[in-house]
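Trainee: I have a new model open and would like to learn how to read its helices and loops. Could you walk me through it?

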Amino acid sequence: MKIIAFLLFITFGLHAQSDQLDILSYQLDMSIPLDHQGLEYPQNTLTAIARIEISPMQATSSVSLLLHRLLNVTKAYDEKGNPYKITQSLVRIEGWETFQLNHITLTFSKQATVGDVVTFVLEYQGHVSGYQETGMLYVQESLDPKFTIIRPESFSYPQLMEPSEESMSKRWRSDDKFTQQVQLTLPSTHCAATGYTLKAKTSVGTQVKWHYESPAPAAAIVMPIAPYHVIEKGSYSVYYFEDDEDGAQRIIVGIGEVFDLYARWMGPLLTQPKFVLAEIPDMYGSQVVMPTIIQTAPSFRSPESMGELYHEIAHFWNARDTDLKSPRWNEGQSMFLQYLAYDELNERGTFVPSLTKRLERMKNYFKSHTEQISISEYGKKGVTSSLSYGIGPLFFYVLCEVMGKEKLLAAMGEFYRQFEKSGAGIDDLPKFLIKKDKKVKSVIDDWYYGTRYIELIKNANTVSELAAAYKVSIEKDD
Ligand SMILES: [Zn+2]
């Protein structure tokens, strides 16, 4: 009996993990009427159809998807309209217990093998609310007429994942990119701020249906929606809230200036980026998901926040990370460039004081955190959000003092151009920098692969003291 059950299982019950499914295309057709205003907006609902085309990399007869806990699948069928067997239930994510999602399993009538193309269409509807209880404090969106956003973190569209933290992070960090068609039906007062190509725009009663296509395959769908105003300028546009026109004008100028500055420092980008910069409410989390940059309101409201914009634009000069648990040294690089650009474009003499603030914060951090972690281990130890942004800029500052600013900036640009296609792993940057200038080896040994930097930070009163140790040894070497 046991053998028969086992054979039945392998014949009919094969389930490939989601990272063994290549997503080919994703069509999302969503209607968000947003007709309840004010306190009533939590009652707003969306209705949507997701049509997903996948190709399995190993045989499978079912797929697993996750959707917002308040969204319910009403129908699931193939491209000919034949229904799939579907189960859905509310689950806690394994390894991320505060995350509750609707877990959907679709079972095919016959097993799909490698190279097959399987299409499934899911009709679903319901509410969306934030996911702050998961620790992602910035995921606050609901179907609020003032602002809402479709993005992976709030699961307003189904994603191919198993209900585990591991599977989610694999999918989110994977480079399985797919072509996207996104159709949004919105009130005529609203629009999406997206860098996607507009294919069609049609009126449907009091609503407008927008049809977008991703200019290149992408791994996530990010669509901020609001009664936006827009300024267009050549290859980029800025979408902003009604009250923030002055800020939007300042940002349009600032983007041009900082692009020129970075190109002068690091050399050209491989492709001229076309993108949209969209204002989102404060504390909703700035992000770059090309061709859309979402930027929180404070950077539209105070000129001092221009640094945040410089930070995001600095990421254009990053090669893709190939490691799942990357140390995210490029956040340190962006912080460093942000301070340098702000000093150049906005206020002279702010570079060192900005770094000094980081130094002070990190000195405090190490008073209560005694673990010794090298930069290369930040991803593996899960400390990127506290340390990549804090230690990273100090590391690049020391490199800058040792190599010289011009040489370091040119090396950053060259590194990006060399690794843009292949992506860069944990050891690629240190190897590259040492090849450029062997003087940085001791800095890399102490900071990137070692933990001597912690002692240096604890003992330093000024940032220049961080670099002084290396300058002495360089003079001796020379
Ligand atoms: Zn960043």
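Mentor: Happy to! The expected span of a helix is 1.5 Å times one less than its number of residues. Keep in mind as we go that this model is predicted.

Trainee: How many residues does helix 6 have, and what distance does it reach from its first C-alpha to its last?

Mentor: Helix 6 has 17 residues and reaches 24 Å between its first and last C-alpha, close to the 24 Å expected.

Trainee: Is helix 6 enclosed or exposed?

Mentor: A residue counts as buried if 20 or more other C-beta atoms lie within 10 Å of its own. In helix 6, 14 of the 17 residues are buried, so the helix is largely enclosed by the rest of the structure.

Trainee: How do I describe two helices that pack together?

Mentor: Two packed helices are described by the angle between their axes and the distance between those axes. Take helix 6 (residues 329–345) and helix 9 (residues 391–403): their angle is about 70°, and their axes are 7 Å apart. Angles of 65 to 115 degrees count as roughly perpendicular, and helix 6 and helix 9 are therefore roughly perpendicular to each other. Their crossing is right-handed.

Trainee: Which residues of helix 6 and helix 9 meet?

Mentor: On the helix 6 side they include W329, M335, F336 and Y339, and on the helix 9 side I391, P393, F395 and F396 are among them. By class, this contact of helix 6 with helix 9 has 9 nonpolar, 3 polar and 1 charged residues.

Trainee: At what angle do helix 10 and helix 11 pack?

Mentor: Helix 10 (residues 405–419) and helix 11 (residues 428–436) pack at about 125°, with axes 11 Å apart. That makes helix 10 oblique to helix 11. Here is a useful idea for the contact: an α-helix has 3.6 residues a turn, so residues three or four places apart point the same way. From helix 10, A411, F415 and F419 meet D428, L429, F432, L433 and K436 of helix 11. The residues of this contact of helix 10 with helix 11 divide into 6 nonpolar, no polar and 2 charged.

Trainee: And the loops? Which residue is joined to M290 by a cis peptide bond?

Mentor: That is P291, with omega about 5°. P291 sits in the loop between strand 18 and strand 19.

Trainee: Where does L34 lie, and is L34 buried or exposed?

Mentor: L34 is in the loop between strand 1 and strand 2. Its phi is near 50°, a positive value in a residue other than glycine. L34 is buried, with 23 other C-beta atoms within 10 Å. You can read F155 in a similar way: its phi is positive, about 55°, although it is not a glycine, and F155 is buried, with 24 other C-beta atoms within 10 Å.

How values were computed
Residues are numbered from 1 along each chain as its sequence is written. This is a predicted model: local features need pLDDT of at least 70, side-chain atom pairs count only at pLDDT 80 or more; totals for chains, interfaces and linings use all residues. Axes are lines fitted to C-alpha atoms, for helices over the stretch in contact, and angles run from 0 to 180 degrees between N-to-C directions. Helices (H or I, at least four residues) and strands (E, at least two) are DSSP runs, numbered from the N terminus. Angles under 35 degrees count as roughly parallel, over 145 as roughly antiparallel, 65 to 115 as roughly perpendicular and the rest as oblique. A crossing is left-handed if the near helix is turned anticlockwise from the far one by less than a right angle, and right-handed if clockwise. Two residues are in contact if their C-beta atoms, placed from the backbone, lie within 7 Å. Ala, Val, Leu, Ile, Met, Phe, Trp, Tyr, Cys and Pro count as nonpolar, Asp, Glu, Lys and Arg as charged, and the others, Gly among them, as polar. A residue is buried if 20 or more other C-beta atoms lie within 10 Å of its own, exposed if 12 or fewer, and partly exposed in between; C-beta atoms are placed from the backbone.
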